[in-house]
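Q: Could you take me through one part of this structure slowly, as if I were seeing a protein up close for the first time? I'd like to follow one part and see what sits around it.

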Amino acid sequence: MVDPAYQGLHIEDELMKQIMSCFESLLYVKVMPSDPKTIPFYERYGFQQYDIVNIS
């Protein structure tokens, strides 16, 4: 969500740290990235990718 002109300046890291500090007491936080290229970014913060199970 950081303007591409400002990416690489660690702004996204600071934003993520601030966001995650609000959720420290939760068991888990679910993120659904719209762009698969962002998955490594979330993995740096301990997020894990899970297979979606379709229960019909």
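**A close look around helix H1**

A: Let's start just ahead of the helix: His10 is exposed, with a relative accessible area of 55%. You'll find His10 in the segment before H1. Keep in mind that this is a predicted model. His10 also has a backbone quirk, a positive phi of about 70°, even though it is not a glycine.

Now step into the helix itself. Helix H1 covers residues 11–21, and Leu15 has its place there. Is Leu15 buried, partly exposed or exposed? Leu15 counts as partly exposed because its relative accessible area is 40%, and the partly exposed class runs between the 20% and 50% cut-offs. Leu15 also belongs to a nonpolar patch on the surface, along with Tyr6, Leu9, Ile11, Ile19, Phe23 and Leu26. Together, the residues of this patch have about 650 Å² of accessible area.

Next, look at Asp13. Which side chain does Asp13 meet in a salt bridge? The partner is Arg44, and the N to O distance is 3.0 Å. A search of the whole structure finds 1 salt bridge. Asp13 sits in helix H1 while Arg44 lies in the segment after H2, so the pair ties together parts that are 31 residues apart in sequence. The two partners have rather unlike surroundings: Asp13 is buried, with a relative accessible area of 13%, whereas Arg44 is exposed, with 55%.

That same stretch after H2 also holds Gly46. Gly46 is exposed too, at a relative accessible area of 55%. If you compare Gly46 with Ile11, the two are 35 residues apart in sequence, and their C-alpha atoms are 18 Å apart in space.

What about the empty spaces beside the helix? Rolling a probe the size of a water molecule over the atoms shows where empty space is left. Let's take the second largest pocket, with a volume of about 560 Å³. This pocket is lined by 19 residues, and those nearest its centre are Met1, Glu12, Met16, Phe41 and Tyr42. H1 and H2 are the elements that give two or more residues to this lining. The largest share comes from H1, with 5 residues. Sorted by type, the lining of the second largest pocket has 13 nonpolar, 4 polar and 2 charged residues.

Met1 is handy for one more check on how the chain folds back. The C-alpha atoms of Met1 and Asp35 are 34 residues apart along the chain and separated by 11 Å. Asp35 is in the loop between H1 and H2, and Asp35 is partly exposed, with a relative accessible area of 28%.

Finally, look at the largest pocket, which has a volume of about 730 Å³. Its lining takes in 23 residues, with Lys30, Val31, Gln48, Gln49 and Tyr50 closest to the centre. Here the largest share of the lining comes from helix H2, residues 39–43, which gives 3 residues. By type, the lining of the largest pocket divides into 16 nonpolar, 3 polar and 4 charged residues.

So, to retrace the walk: H1 carries Leu15 of the nonpolar patch, holds Asp13 of the salt bridge to Arg44, and gives the largest share of the lining of the second largest pocket.

Notes: Residues are numbered from 1 along each chain as its sequence is written. This is a predicted model: local features need pLDDT of at least 70, side-chain atom pairs count only at pLDDT 80 or more; totals for chains, interfaces and linings use all residues. Side-chain values use heavy atoms; hydrogens and water are left out. Patches are made of residues with over 30% relative accessible area and no salt bridge: like charges are joined within 9 Å, nonpolar side chains (Val, Leu, Ile, Met, Phe, Trp, Tyr) within 5 Å. Accessible areas come from the Shrake-Rupley method with a 1.4 Å probe; for residues, only the protein chains shown count as cover. A salt bridge is a side-chain nitrogen of Lys or Arg within 4 Å of a carboxyl oxygen of Asp or Glu. Helices (H or I, at least four residues) and strands (E, at least two) are DSSP runs, numbered from the N terminus. Buried means under 20% relative accessible area, exposed over 50%, partly exposed in between (1.4 Å probe, protein chains only). On a 1 Å grid over the protein atoms alone, a cavity is a set of points where a 1.4 Å probe fits but cannot get out, and a pocket is an open set with protein on both sides within 12 Å along at least five of seven lines; lining residues have an atom within 4 Å of a point. Grid points are joined across faces, edges and corners, and a volume is the space filled by probe spheres set on the points. Ala, Val, Leu, Ile, Met, Phe, Trp, Tyr, Cys and Pro count as nonpolar, Asp, Glu, Lys and Arg as charged, and the others, Gly among them, as polar.
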